[in-house]
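Subject: Structure for your attention

Dear colleague,

Please find the structure below, followed by an account of what was found in it. I would ask you to keep the model open while reading.

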Amino acid sequence: MGKALVAYFSASGVTERVAKRLATAIQADEFPIQPVEPYTAADLKWTNPWARCNREKFGKKDVPVAGRVENMADYDTLYVGFPIWYYAAPNVIQTFLKSYDLTGKKIALFATSGGSNIGQTAAKLKPYIGSAEIVKGKVFSPQVSAEELKDWAAL
């Protein structure tokens, strides 16, 4: 395996814990995907139809990302993590992916969710990755072990 990056968005810290466990298990670099405007608790209250998370998802809005992976060309494999929002990745993931030339890279998606599976997430992200290849995707529980993550990450 070449050089790997674990890039992740975490709204509540659950995905972050899984991402850090994965990065340690496979000895990969980490990059937290953070929106320029951080989410508040009210922004994430999906039961409110006017909450920011709903306006972004249903309005198909880009969510600007704070910071950049300056050496993206150095990575062969990206492990991209996020919570499942409406059976898909949050829009900040789309913005992140389309911000780079991912030609020739392998992308493995991992997610956390209170009840959804990975579903059609890979197909929904395909328009944002150019000629890169999504090789696998899986939803993990917050309790997933480092050994399970390492086994899953083997491409």
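In helix H3, the residues Asn91, Val92, Ile93, Gln94, Thr95, Phe96 and Leu97 are buried. Helix H3 is thus mostly covered, with 7 of its 8 residues buried. Please bear in mind throughout that this is a predicted model.

Helix H3 and its surroundings

Lys98, which belongs to helix H3, is partly exposed because its relative accessible area is 41%, between the limits of 20% for buried and 50% for exposed. The side chain of Lys98 meets that of Asp62 in a salt bridge, with an N to O distance of 2.9 Å. This salt bridge links distant parts of the chain, since Asp62 is in the loop between helix H2 (52-58) and strand S4 (65-66), while Lys98 is in helix H3, 36 residues apart. Asp62 also counts as partly exposed, because its relative accessibility is 46%.

The loop between H2 and S4 also holds Lys60. With a relative accessible area of 71%, Lys60 is exposed. Lys60 and Gln94 are 34 residues apart in sequence, and their C-alpha atoms are 10.0 Å apart in space. The two residues are unlike in accessibility: Lys60 is exposed, whereas Gln94 is buried.

Strand S5

Two residues of this strand may be examined in turn. Phe82 lies in strand S5. Is Phe82 buried or exposed? Its relative accessibility is 0%, so Phe82 counts as buried. Leaving aside residues up to four places away in sequence, Phe82 touches Phe9, Thr15, Ala89, Pro90, Ile93, Leu109, Phe110, Ala111, Thr112, Thr121 and Leu125. One of these, Ile93, is among the buried residues of helix H3. The C-alpha atoms of Phe82 and Lys98 are separated by 16 Å, and the two residues are 16 places apart along the chain.

Thr77 is also in strand S5. Thr77 counts as buried because its relative accessibility is 4%. With residues up to four places away in sequence again not counted, Thr77 touches Lys3, Ala4, Leu5, Lys106 and Leu155.

Helices H1 and H5

In general, two packed helices are described by the angle between their axes and the distance between the axes. The axes of helix H1 (residues 14-26) and helix H5 (residues 146-153) come within 9 Å and cross at roughly 70 degrees. H1 is therefore roughly perpendicular to H5, a description that applies to angles of 65 to 115 degrees. The crossing of H1 past H5 is right-handed. On the side of H1, the contact is made by Val18, Arg21, Leu22, Ala25 and Ile26, and on the side of H5 by Ala146, Leu149, Lys150, Trp152 and Ala153. Sorted by class, the contact has 8 nonpolar residues, 2 charged residues and no polar ones.

Salt bridges

How many salt bridges does the count come to? The count comes to 6 salt bridges. Among them, Glu30 pairs with Lys20, and the closest N and O atoms are 3.0 Å apart. This pair also links distant parts of the chain: Glu30 is in strand S2 and Lys20 is in helix H1, 10 residues apart. Glu30 is partly exposed, with a relative accessible area of 34%. Lys20 is likewise partly exposed, with a value of 36%.

Another salt bridge is formed by the side chains of Arg52 and Asp43, at 3.5 Å from N to O. Arg52 and Asp43 are both buried, whereas Asp62, in the pair with Lys98, is partly exposed. In addition, salt bridges that share partners join Glu37, Asp43, Arg52 and Glu56 into one network.

Two residues with positive phi

Finally, two residues deserve a look for their backbone angles. Gln27 is not a glycine, yet its phi is positive, at about 55 degrees. Gln27 is placed in the loop between H1 and strand S2 (29-32). Gln27 counts as exposed because its relative accessibility is 75%.

Tyr87 likewise has a positive phi, near 65 degrees, in a residue other than glycine. Tyr87 is found in the loop between strand S5 (77-83) and helix H3 (91-98). With 57% relative accessibility, Tyr87 also counts as exposed.

Yours sincerely

Definitions and conventions
Residues are numbered from 1 along each chain as its sequence is written. This is a predicted model: local features need pLDDT of at least 70, side-chain atom pairs count only at pLDDT 80 or more; totals for chains, interfaces and linings use all residues. Side-chain values use heavy atoms; hydrogens and water are left out. Axes are lines fitted to C-alpha atoms, for helices over the stretch in contact, and angles run from 0 to 180 degrees between N-to-C directions. Helices (H or I, at least four residues) and strands (E, at least two) are DSSP runs, numbered from the N terminus. Angles under 35 degrees count as roughly parallel, over 145 as roughly antiparallel, 65 to 115 as roughly perpendicular and the rest as oblique. A crossing is left-handed if the near helix is turned anticlockwise from the far one by less than a right angle, and right-handed if clockwise. Contact means heavy atoms within 4.5 Å. Ala, Val, Leu, Ile, Met, Phe, Trp, Tyr, Cys and Pro count as nonpolar, Asp, Glu, Lys and Arg as charged, and the others, Gly among them, as polar. Buried means under 20% relative accessible area, exposed over 50%, partly exposed in between (1.4 Å probe, protein chains only). A salt bridge is a side-chain nitrogen of Lys or Arg within 4 Å of a carboxyl oxygen of Asp or Glu.
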